[in-house]
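Visitor: I am new to this structure. Please show it to me before we talk.

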Amino acid sequence: LIARTQFVGVNLPNDPISMERYGSEITIFKQASALRFRKEVLPAFKKLFAPSFKKLFSLQEIELGTLYSSILHELGHVYLRYRYSEQSLKDLFPIIDELAAYVAGIRVCGFLLLKDVASQKQLESIMLAFLARCFGMVLYGKDNHANYHYMIGGVIFINYLLENEAIQETGGISWPNFTKMFFSVGELAILLEKMLASSSRSDAESFIRKYCNLQ
């Protein structure tokens, strides 16, 4: 399964009961992260962002941001394992679960910034790498059925940022407002965690319908 889907990270065990009893171990595959950067993140970054904006970030910073976002994503999964989420959200659980882990990870990184563990540039690189990956999945990954839940989550993320004016769409994406982006991520993280903790499938369906516009 890992070879076929080329996951960057896994955490096992990942069912809530076993995790409560034994904890969970995270494994990160750096080669898969490098491949994701080349196939999904970098093409979208080069295509969509203004030249003057791209000069602010080196490719190494974006590649590290891609790796760090995956590490934070796996940590987010461990934090967000509620016992009855899957039964409550049913077939929509993977969409909410995967996006929630990404945004929770970015939100946690904001706290690391306040404690001087991470830098402002690192946090911006992580957010930018994830945003570019979301665009990359929409542009280049629609036929990859293994990425379906991630792609829908990516569309939700993009539209949520657009709604909050954290990114501007004027002939392409140019200058993300990182302050607005971080606050939007924080709001979205709280919203998605609440959905995992106590919402029904119909709640998730309404949320996805509102933000899942591929146009």
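The turns below cover backbone geometry and the nonpolar core.

Guide: This is a predicted model, where local features need pLDDT of at least 70 and side-chain atom pairs count only at pLDDT 80 or more, while totals for chains, interfaces and linings use all residues. Residues are numbered from 1 along each chain as its sequence is written, and side-chain values use heavy atoms, with hydrogens and water left out.

Visitor: Is the peptide bond from leucine 12 to proline 13 cis or trans?

Guide: Most peptide bonds are trans. Proline 13 sits in the loop between β1 (9-12) and α2 (16-22); helices (H or I, at least four residues) and strands (E, at least two) are DSSP runs numbered from the N terminus. With omega near -5°, the bond from leucine 12 to proline 13 is cis.

Visitor: Is aspartate 116 buried or exposed?

Guide: Aspartate 116 lies in the loop between α7 (93-114) and α8 (120-140), and its phi is positive, near 65°. Buried means under 20% relative accessible area, exposed over 50%, and partly exposed in between (1.4 Å probe, protein chains only). Because its relative accessibility is 70%, aspartate 116 counts as exposed.

Visitor: Which helix gives the most to the largest nonpolar core?

Guide: Such a core is a set of buried Ala, Val, Leu, Ile, Met, Phe, Trp, Tyr and Cys residues joined through side-chain atoms within 4.5 Å. The largest one has 60 residues, and Phe157 is among those with the most contacts inside it. Helices that each supply at least two residues of this core include α3 (30-48) and α5 (59-79). The one that gives the most, with twelve residues, is α8.
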